[in-house]
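Subject: Structure handover and findings

Dear colleague,

I am handing over the structure we spoke about, and below it you will find my notes on what came out of the analysis. Please read them alongside the coordinates.

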Amino acid sequence: MEYNNPVHIAFIDFTKAFDSVKLEKLWTILETTRVDRGYINILRQTYDSASAQIKTDLGITRPVKILKGVKQGDVLSALLLCIVITTVIWKAESDCMSGFTIGGQLISNLAYADDISLRNSSQRELQKLLDCLV
């Protein structure tokens, strides 16, 4: 409003964000960070051996191996999810070079956990950013 520029915003809520994380992609992303490889290996071993059982009135099911998703309800999983989402957004930003420049810095989104708003001054550029995000 201050500069009388148009703003186009797309709101994204990643459905079942914790469940949708592909573990192999998570490990690939973590290996590109400064996270110690030993910690990554511990995480991999924890997730590789993860299984779940369902308890009903009829009893408990056999264990089922968990093949994707980070565990919900703990601080580490929230951090892992944020690392994945941040990496995806950074890649989309660098591929599309789209957003607003404020103080020499490209700003294309506001994000909180799995809720993101992408913004641009043109509808076409916003669509381009959305296409890069997918």
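To begin with a single pair of residues, Tyr112 stands opposite Asp115, the latter belonging to strand E9. Please bear in mind throughout that this is a predicted model, with a mean pLDDT of 83 for the protein and 96% of its residues at 70 or more. The confidence differs between elements: strand E6 (residues 100-102) has the lowest mean pLDDT among the elements of the protein, at 72, whereas strand E4 (residues 59-60) has the highest, at 94.

The sheet

The pair I started with belongs to a wider arrangement, since strand E8 (residues 109-112) and strand E9 pair in the antiparallel sense over four bridges. Within that pairing, Leu110 stands opposite Ser117 of E9. Strand E9 also pairs with E1, again in the antiparallel sense, here over six bridges, and His8 has Asn120 in E9 as its bridge partner. Taken together, the three strands make up an open sheet with antiparallel pairing, and their order is E1-E9-E8. Because E1 and E8 stand at the edges and have a single partner strand each, one side of each is left without a neighbour in the sheet. From one strand to the next, the twist of this sheet averages 10°.

How enclosed is strand E9 by the rest of the structure? Five of the six residues of E9 (residues 115-120) are buried, that is, under 20% relative accessible area, and the strand is therefore largely enclosed by the rest of the structure. Strand E1 (residues 8-13) contains Phe11, which counts as exposed because its relative accessibility is 68%, above the cut-off of 50%. Phe11 is also part of a nonpolar patch on the surface, formed with Val7 and Ile9, and the accessible area of these residues together is about 320 Å².

Salt bridges

How many salt bridges does the structure hold? There are four of them, and a network of salt bridges links Glu24, Glu31, Arg37 and Arg44. In one of the contacts of this network, the side chains of Arg37 and Glu31 meet at 3.4 Å, N to O. Glu31 also forms a salt bridge with Arg44, where the closest N and O atoms are 3.6 Å apart. This second pair links distant parts of the chain, as Arg44 lies in helix H3 (residues 37-48) and Glu31 in helix H2 (residues 23-31), with their positions 13 residues apart in the numbering. Both residues fall in the partly exposed class, Glu31 because its relative accessibility is 38% and Arg44 because its value is 23%.

Another salt bridge joins Asp95 and Lys91, with 2.7 Å between the closest N and O atoms. Here both residues lie in one helix, H4 (residues 75-96), and they are four residues apart, about one turn of the helix. Asp95 has a relative accessible area of 47% and is therefore partly exposed.

Two further residues

I also looked at two charged side chains and at separations between C-alpha atoms. Arg124 is found in helix H5 (residues 123-133), and because its relative accessible area is 71%, Arg124 is exposed. Between the C-alpha atoms of Arg124 and Ile85, which are 39 residues apart along the chain, the separation is 23 Å. Asp48, for its part, has its place in helix H3, and with a relative accessible area of 44% Asp48 is partly exposed. The C-alpha atoms of Asp48 and Leu79 are separated by 19 Å, with the two residues 31 apart along the chain.

With best wishes

Notes:
Residues numbered from 1 in each chain as written. Predicted model: local features only at pLDDT ≥ 70, side-chain atom pairs only at ≥ 80, totals over all residues. Heavy atoms only, no water. Patch = residues over 30% accessible without salt bridge, like charges linked within 9 Å, V, L, I, M, F, W, Y side chains within 5 Å. Areas by Shrake-Rupley, 256 points an atom, 1.4 Å probe, with all protein chains shown as cover. Salt bridge = Lys/Arg side-chain N within 4 Å of Asp/Glu carboxyl O. Buried < 20%, exposed > 50% of the residue type's maximum accessible area, 1.4 Å probe, protein only. Pairing = 2+ DSSP bridges. Axes fitted to C-alpha atoms, helices over the stretch in contact; angles between N-to-C directions. pLDDT = per-residue confidence, 0-100.
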